[in-house]
Amino acid sequence: GEEEACPAAAAFLAQYARGQAGAASAALRAVLTAFLEVEEYFDASASYQDAVLELRDAHRDDLQKVASHILSHASLAEKSCMVLQVLDHVAATDSALEYVDTLAHMSELAGEQYKAVGQRCKQLLFNIDQAQRHEQQSRRRLGRDSFRMAAAYP
């Protein structure tokens with residue numbers, strides 16, 4: 001179909017399918033994904049040099065991307081601050097469930113320099129889990145109450 005012929009347009013339209021909220025969600029997800037895309041290399045490597053070599057091997061045909069990742073990592077402190085602000089926004093708007101996969105992935109960053117971001121992601125995932133448990137308990141309670149009322153008034 002048309003989506004196959006024009007994937008960029010389909011992706012653009014899908015991004016705005018939910019209106020302004022969908023566009024905002026896509027923008028926030030893009031920030032978090034871009035952070036992960038760069039920092040996964042540096043977190044997983046034993047040293048900075050190993051990360052650079054791994055980047056080079058992964059992107060042999062695109063040295064501009066290698067340079068871009070290295071320059072991006074050089075701004076880790078500023079990026080981490082921005083990511084924490086994005087995560088605060090996600091928490092404040094109760095939209096964390098939309099980002100659960102990304103949050104789970106980000107919570108796996110293990111390096112000391114990712115500690116604040118990882119902890120915030122874990123906190124958001126915990127909050128999601130607690131909210132889901134509370135909702136399940138409420139549904140069970142509501143189901144029991146409905147059953148009792150039906151039994152009391154045959």
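**Note on helix packing and side-chain pairs**

1. Glu37 has a relative accessible area of 36% and is therefore partly exposed. In this predicted model, the side chain of Glu37 meets that of Lys65 in a salt bridge, at 3.6 Å from N to O. The pair joins distant parts of the chain, with Glu37 in helix H3 and Lys65 in helix H5, 28 residues apart. Lys65 is likewise partly exposed, at 29%.

2. Helix H5 spans residues 63-74, twelve in number; from its first C-alpha to its last it reaches 17 Å, close to the 16 Å expected at 1.5 Å a residue. Its buried residues are Val66, His69, Ser72 and His73. These cover an arc of only 130° around the axis, and therefore lie on the same side of H5. On the other side of H5, Leu63, Gln64, Leu71 and Ala74 are exposed. The partners against which the buried residues of H5 pack are H3, helix H4 (48-58) and helix H6 (76-92).

3. A one-sided arrangement also appears in H7, where Thr102, Leu103, Met106 and Ser107 are buried. Viewed down the axis of H7, these buried residues fall within an arc of 135°, so they line one face of the helix.

4. The count of aromatic pairs comes to two. One of them is formed by Phe35 and Tyr114, edge-to-face, with 6.4 Å centre to centre and 85° between the planes. This pair links distant parts of the chain: Phe35 belongs to helix H3 (residues 19-44), whereas Tyr114 sits in the loop between helix H7 (100-107) and helix H8 (115-152), 79 residues away. Both rings belong to buried residues, Phe35 at 3% relative accessible area and Tyr114 at 0%.

5. The structure holds six salt bridges, including the Glu37 and Lys65 pair described above. Another joins Arg133 to Asp129, with the closest N and O atoms 2.8 Å apart. Both residues lie in helix H8, four residues apart, or about one turn of the helix. Arg133 is partly exposed at 46%, as is Asp129 at 29%. Elsewhere, Arg56, Asp57 and Arg60 are joined into one network by salt bridges that share partners. Within this network, the closest N and O atoms of Arg60 and Asp57 are 2.9 Å apart. Arg60 is exposed at 53%, while Asp57 is partly exposed at 43%.

6. There are zero disulfides in the structure. As to cysteine accessibility, Cys81 is partly exposed at 43%, whereas Cys121 is buried at 0%.

Definitions and conventions. Residues are numbered from 1 along each chain as its sequence is written. This is a predicted model: local features need pLDDT of at least 70, side-chain atom pairs count only at pLDDT 80 or more; totals for chains, interfaces and linings use all residues. Side-chain values use heavy atoms; hydrogens and water are left out. A disulfide is a pair of cysteine sulfur atoms within 2.5 Å. Buried means under 20% relative accessible area, exposed over 50%, partly exposed in between (1.4 Å probe, protein chains only). Rings of Phe, Tyr and Trp (its six-membered ring) pair if their centres lie within 6.5 Å; planes under 30 degrees apart count as stacked, over 60 as edge-to-face and the rest as tilted. Helices (H or I, at least four residues) and strands (E, at least two) are DSSP runs, numbered from the N terminus. The expected span of a helix is 1.5 Å times one less than its number of residues. The arc is that of the directions from the helix axis to the C-beta atoms. Contact means heavy atoms within 4.5 Å. A salt bridge is a side-chain nitrogen of Lys or Arg within 4 Å of a carboxyl oxygen of Asp or Glu.
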